[in-house]
Amino acid sequence: MGTVRIAIVYFEWVDAHGNTGWFSENELEKWAKDDWYCNDVGFLVKEEKGFLVLAQRHEPMGHANGEEQWGGLHRIPKTWIRNRRILGYMDSAGSFWKSRK
């Protein structure tokens, strides 16, 4: 059994969005008020004061040229996050626990 090392989390966040089309003033008002809500589940691989990094995939040590690797990365500003919940934890052997113990 490995050492607990990473949280598996659920996040709800609002994403930035853009559009290259043409809008009337009424269409612009409606478009500008729309929030694009996203839901993600992944590994919380880094957390700093202003942002966090969520990974969708994990390659354990020894399988990728002898180095642990993370894939499907999202760097999300903390001010965009609306909700977050820890679902469990994974250890370095890939075992899953509901609690940190």
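Which residues make up the largest nonpolar core? In this predicted model, that core has 11 residues: A7, V9, F11, W13, C38, L44, L52, L54, I76, I81 and Y89. The points below describe the core, the buried residue D40 and the exposed residue G18.

**Nonpolar cores**
- Two or more residues of the largest core come from each of the elements β1, β2, β3 (51–55) and β7 (81–91).
- Strand β1 supplies the largest share of this core, with 4 residues.
- Apart from this core lies another one, of 5 residues, including I6, I8, F43 and A55.
- L52, a member of the largest core, is in contact with F11, L44, K46, E47, H74, R75, I76, I81 and R84, when neighbours within four places in sequence are left aside.

**The buried residue D40**
- D40 belongs to strand β2, which covers residues 36–47.
- Although D40 is buried, it has no salt bridge.
- R57 has the nearest side chain of opposite charge, and it is 10 Å away from D40.
- A polar contact of 3.1 Å links the side chain of D40 with the side chain of W13, a residue of the largest core.
- Not counting residues up to four places away in sequence, D40 touches V9, Y10, F11, W13, L54, Q56 and H74.

**The exposed residue G18**
- G18 is located in the loop between β1 (4–15) and α1 (25–33).
- The relative accessible area of G18 is 56%, which is over 50% and therefore makes this residue exposed.
- G18 and L54 are 36 residues apart along the chain, and their C-alpha atoms are separated by 22 Å.

Definitions and conventions. Residues are numbered from 1 along each chain as its sequence is written. This is a predicted model: local features need pLDDT of at least 70, side-chain atom pairs count only at pLDDT 80 or more; totals for chains, interfaces and linings use all residues. Side-chain values use heavy atoms; hydrogens and water are left out. Buried means under 20% relative accessible area, exposed over 50%, partly exposed in between (1.4 Å probe, protein chains only). Lys and Arg count as positive and Asp and Glu as negative; His and the chain ends are not counted. A salt bridge is a side-chain nitrogen of Lys or Arg within 4 Å of a carboxyl oxygen of Asp or Glu. A polar contact is a pair of N or O atoms within 3.5 Å; within protein, one must be able to donate a hydrogen and the other to accept it, and residues adjacent in sequence count only if both atoms are side-chain atoms. Contact means heavy atoms within 4.5 Å. A nonpolar core is a set of buried Ala, Val, Leu, Ile, Met, Phe, Trp, Tyr and Cys residues joined through side-chain atoms within 4.5 Å.
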